[in-house]
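Reader: Could you take me through the features of this model, beginning with how one reads a charged pair along a helix?

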Amino acid sequence: MDLTQLTAISPIDGRYRKQIAHLDEYFSEFALIKYRTIVEVEYFLFLAEKKFFKVSSTDKKQLLSIAENFSIADATKIKETEKITNHDVKAVEYFIKSKLDDFKLSHLKEWIHFGLTSQDVNNTAIPLLWKHAVENDYLPSIINLQSAIYNLSVQWKDIPMLARTHGQPASPTKLGKELMVFVERLENQIQLFSYIPFTAKFGGATGNFNAHSVAYPKYNWVKFANEFCENKLGLQRQQYTTQIEHYDTLAAHFDAIKRINTILIDLSRDIWTYISMDYFKQKTKKGEVGSSAMPHKVNPIDFENAEGNLGIANALLEHLSAKLPISRLQRDLTDSTVLRNIGVPAAHTLIAVKSFEKGLEKLVLNEAKLKADLEDNWAVVAEAIQTILRRENYPQPYEALKDLTRGKSAIDKKAIHQFISKLKVPAKIKEELKKITPHSYTGV
């Protein structure tokens, strides 16, 4: 069968294609070839800038147009060459050299890929496309989701809610504050993520500029490479490498995304549980079916979808961060096929984010249910009563409240107030204690 959204093996290129199609700008085979081309052209022009040879301003514009106007037809031509060379980066080199022939610059062809190994291109192209994907797509998506959660926390900041620790009724809280827990967690991880640099390897066959220095032994190639990576590509060059990047900072990025995903899994399960407790209803859409058999149901599918995709993403991110920093001696090829998959967890993560946003938009607060749960759990004010009694130096207040609340079928307002009335404390203290309710006992 021809490849379509219906015949694709991966749901990324099938079922979810419309949601994340824009990621092919960074993670497709076409994108990788394009970014390799960008690096090769920029390197060639930087050599010219450093006076190794001359190119006119017109020539420079023509060369830059190779990358700027890079097309599917160009990528297809490179893939055809790769069938002969059996080497993907060499095919890019030959493509650019053919362009120099077209531009009447054949005498400069051997400056293309001068002194480089393929990993100088791969380990700048991939960090560059990753940087663009993170800055243009991933981080904005996560920040927007965090903002949506924050907006709900503000909207519901004064809504009291029964807390549950170990699944049991606990000291009441506020719904907005519980969402702010996740807003802060995301903020902390986004900040940590922003501290991790985007790094590149650029140093020749085994990282020592062997070929460069033998051709120009007096030239400062380390300074050249640092300037090229930082000023032309916006990447931080690793100073001591083997043939390949050591991927430690890339692994740190994957681990950071994994932590953010774990926070979102935690929140999706909480919201799922609140929906099951009827704290939230979900907006319905005409024509949608909640269950194939039970017409009354509106399933929390958006949060389930998010959780599932985040789990797949984390499994892949775990492998990427554990595998990539390991390479036998000066280089083995195991990183190559693995690196081609970095877009997969990114795609699953962004699918999850979109599902999460969709789920949040459907939430309708069922305030009556929250109030009813609080009213049904007067036992939770026992902590408040015993703490005030401690303040008043009342003998064994914890034990007194324990005897009142444990093992009883129901503790309601009447039972609490009867207990307070029998306490041997001043009337003013009794009055203070009777003002405490599950609805007001929410802290700060």
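Author: The general idea is to ask how far apart two residues stand in sequence within their helix: Glu93 and Lys97 are 4 residues apart in helix 6 (residues 88-102), and therefore about one helical turn separates them. Their side chains meet in a salt bridge, with 2.8 Å from N to O. Please keep in mind throughout that this is a predicted model.

Reader: Are Glu93 and Lys97 buried or exposed?

Author: Here one compares the relative accessible area with a cut-off, and buried means under 20%. Glu93 is buried because its relative accessible area is 3%, and Lys97, with 10%, is buried as well.

Reader: Which residue forms a salt bridge with Glu80, and how should I read its setting?

Author: The same two steps apply, spacing and then accessibility. Glu80 forms a salt bridge with Lys83, their closest N and O atoms lying 3.1 Å apart; the two residues are 3 apart in helix 5 (residues 72-85), so they are separated by about one helical turn. Glu80 is partly exposed, at a relative accessible area of 42%, whereas Lys83 is exposed, at 64%.

Reader: What is the accessibility of each partner in the salt bridge between Asp332 and Arg328?

Author: Each partner has to be read separately. Asp332 is buried, with a relative accessible area of 13%, while Arg328 counts as exposed at 60% relative accessibility. The closest N and O atoms of this salt bridge are 2.9 Å apart.

Reader: How many salt bridges does the count give, and which residues are linked in a network of them?

Author: A count depends on its cut-off, here a side-chain nitrogen of Lys or Arg within 4 Å of a carboxyl oxygen of Asp or Glu. By this rule there are 30 salt bridges, and a network of them links Glu29, Arg36, Lys79, Glu82, Asp88 and Arg340.

Reader: Turning to empty space, what is the volume of the largest pocket, and which residues are closest to its centre?

Author: With a pocket, one begins with the volume and proceeds to the lining. The largest pocket holds about 550 Å³ of space. It is lined by 22 residues, of which Pro169, Ala379, Val380, Ala382 and Thr405 are the closest to its centre. Strand 2 (168-174), helix 16 and helix 17 (397-405) each contribute at least two residues to this lining.

Reader: How many cavities of 30 Å³ or more are there, and what lines the largest?

Author: A cavity differs from a pocket in that the probe fits inside but cannot get out. The count comes to 4 cavities of 30 Å³ or more, and the largest cavity contains about 60 Å³ of space. Its lining consists of Ile126, Pro127, Trp130, Pro197, Phe198, Thr199, Glu245, Thr249, Leu250 and His253. Helix 7 (118-155) and helix 11 (248-276) are the elements that give two or more residues to that lining.

Reader: Where is Gln386 found, and what does Gln386 touch beyond its sequence neighbours?

Author: For a single residue, one can join its element, its accessibility and its contacts. Gln386 is found in helix 16 (residues 382-391) and counts as buried at 11% relative accessibility. Leaving aside residues up to four places away in sequence, Gln386 touches Pro397, Tyr398 and Leu401.

Reader: Finally, which residues form a nonpolar patch on the surface?

Author: Such a patch is read as a group with a shared area. Tyr150, Val154 and Met180 form one, with about 240 Å² of accessible area together. Met180 lies in helix 8 (residues 175-195) and counts as partly exposed, at 33% relative accessibility.

Key: Residues are numbered from 1 along each chain as its sequence is written. This is a predicted model: local features need pLDDT of at least 70, side-chain atom pairs count only at pLDDT 80 or more; totals for chains, interfaces and linings use all residues. Side-chain values use heavy atoms; hydrogens and water are left out. Buried means under 20% relative accessible area, exposed over 50%, partly exposed in between (1.4 Å probe, protein chains only). Contact means heavy atoms within 4.5 Å. Patches are made of residues with over 30% relative accessible area and no salt bridge: like charges are joined within 9 Å, nonpolar side chains (Val, Leu, Ile, Met, Phe, Trp, Tyr) within 5 Å. Accessible areas come from the Shrake-Rupley method with a 1.4 Å probe; for residues, only the protein chains shown count as cover. On a 1 Å grid over the protein atoms alone, a cavity is a set of points where a 1.4 Å probe fits but cannot get out, and a pocket is an open set with protein on both sides within 12 Å along at least five of seven lines; lining residues have an atom within 4 Å of a point. Grid points are joined across faces, edges and corners, and a volume is the space filled by probe spheres set on the points.
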